[in-house]
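Student: Please take me through this entry in questions and short answers. I would like each answer to end on the value or name I ask for.

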Amino acid sequence: STPLSFINILESPKDKIKFTVGGYENLLKVYDFDFAKKELTTLVSTKPMKFNEQLKLVIPNWPIFSTNIIDQTTNEEYFLEFTKFGHLKYYNFKNSKKPINGLNDVLLSRPFQKNQQPIVTNIMEMNSCDDQSKTFILTDNFKSIWELTVNVINNEIKIKQNGKVSKNISGYVGYLN
């Protein structure tokens with residue numbers, strides 16, 4: 001009943017497609033669509049977090065982008081979820097429908113004024129051969145473009161910020177290509 005912010009295709013073999021959806025008042029969901037049977041199956045739907053849980057993220061923390069990442073040492077599939085306030089949550093749906101951890105401040109250089117909350121406006125996943133590491137380009141409402149590399153090593157998420165790609169852009173970045 002509420003609009004989706006994203007639909008991201010994860011896998012698309014010949015007869016099936018696996019994708020994630022989410023957005024404003026929509027929690028992260030993973031679907032599987034079978035073209036032969038014309039069936040849409042919900043693989044996983046995350047559970048809402050209570051305000052007193054340990055992650056202490058800015059509320060509301062609805063997703064604006066999601067993808068999967070695979071730990072090559074354990075062959076576990078994790079789902080990454082970026083929120084509009086610049087946080088990263090990750091899930092292992094074999095254990096729980098709630099996030100394992102929430103990493104604050106994906107955008108590391110936040111303004112000093114507390115009333116200015118950075119909002120992530122665009123996220124683009126770069127193509128890579130490695131399933132264990134993914135690179136993302138992000139833009140925020142402070143006219144900045146960021147490059148982040150996310151790795152999974154021994155069931156732990158590591159983020160490396162490659163820095164601001166740009167300094168002053170006139171206007172907002174509306175689309176990444």
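Student: Is Glu 81 buried or exposed?

Tutor: In this predicted model, Glu 81 has a relative accessible area of 1%. The limits are under 20% for buried, over 50% for exposed and partly exposed in between, with a 1.4 Å probe and protein chains only. Glu 81 therefore counts as buried.

Student: What numbering and cut-offs apply to the model?

Tutor: Residues are numbered from 1 along each chain as its sequence is written, and side-chain values use heavy atoms, with hydrogens and water left out. Because the model is predicted, local features need pLDDT of at least 70, totals for chains, interfaces and linings use all residues, and side-chain atom pairs count only at pLDDT 80 or more.

Student: Which residue forms a salt bridge with Glu 81?

Tutor: A salt bridge needs a side-chain nitrogen of Lys or Arg within 4 Å of a carboxyl oxygen of Asp or Glu. The closest N and O atoms of this pair are 2.9 Å apart. The partner is buried at 3% relative accessibility. The residue is Lys 89.

Student: How many salt bridges does the structure hold?

Tutor: Lys 16 and Asp 32 form one of them, with the closest N and O atoms 3.9 Å apart. Lys 16 lies in strand β2 (residues 16-23) and Asp 32 in strand β3 (residues 26-34), so the bridge ties together parts 16 residues apart in sequence. Lys 16 is partly exposed at 38% relative accessibility, whereas Asp 32 is buried at 18%. The total in the structure is 4.

Student: How far apart in sequence are Glu 77 and Lys 18?

Tutor: Glu 77 and Lys 18 form a salt bridge, the closest N and O atoms being 3.2 Å apart. This pair links distant parts of the chain, with Glu 77 in strand β6 and Lys 18 in strand β2. Glu 77 is partly exposed at 23% relative accessibility, and Lys 18 is buried at 13%. Their separation is 59 residues.

Student: How many strands does the chain have?

Tutor: Helices (H or I, at least four residues) and strands (E, at least two) are DSSP runs, numbered from the N terminus. The chain has 0 helices, and its pattern along the sequence reads β-β-β-β-β-β-β-β-β-β-β-β. The number of strands is 12.

Student: Which residue in the hairpin of β10 and β11 takes a positive phi?

Tutor: Strands β10 (residues 133-140) and β11 (residues 145-153) are antiparallel, with 7 bridges; pairing requires at least two bridges found by DSSP. Thr 139 has Ile 145 in β11 as its bridge partner. The hairpin has 4 residues between the strands, and the phi in question is near 60°. The residue is Lys 143.

Student: Which residue has a side-chain polar contact of 3.0 Å with Lys 134?

Tutor: Lys 134 is in strand β10 and is buried, with a relative accessible area of 9%. A polar contact is a pair of N or O atoms within 3.5 Å; within protein, one must be able to donate a hydrogen and the other to accept it, and residues adjacent in sequence count only if both atoms are side-chain atoms. The side chain of Lys 134 has such a contact at 3.3 Å with the side chain of Thr 67. The partner at 3.0 Å is Glu 125.

Student: Which strand gives the most residues to the largest nonpolar core?

Tutor: A nonpolar core is a set of buried Ala, Val, Leu, Ile, Met, Phe, Trp, Tyr and Cys residues joined through side-chain atoms within 4.5 Å. The largest has 19 residues, and Leu 80, Phe 82 and Ile 157 are among those with the most contacts inside it. Strands β5 (63-71), β6 (76-83), β7, β9 (120-125), β10 and β11 each supply at least two residues of this core. The top contributor, with 4 residues, is β11.

Student: How many residues does the second, separate core have?

Tutor: This core includes Phe 6, Leu 28, Val 44 and Phe 93. Its residue count is 8.

Student: What share of the residues in the chain is buried?

Tutor: The accessible surface, from the Shrake-Rupley method with a 1.4 Å probe and, for residues, only the protein chains shown as cover, is about 10,600 Å². Carbon and sulfur atoms account for 50% of that surface. Among the 177 residues, the buried share is 42%.
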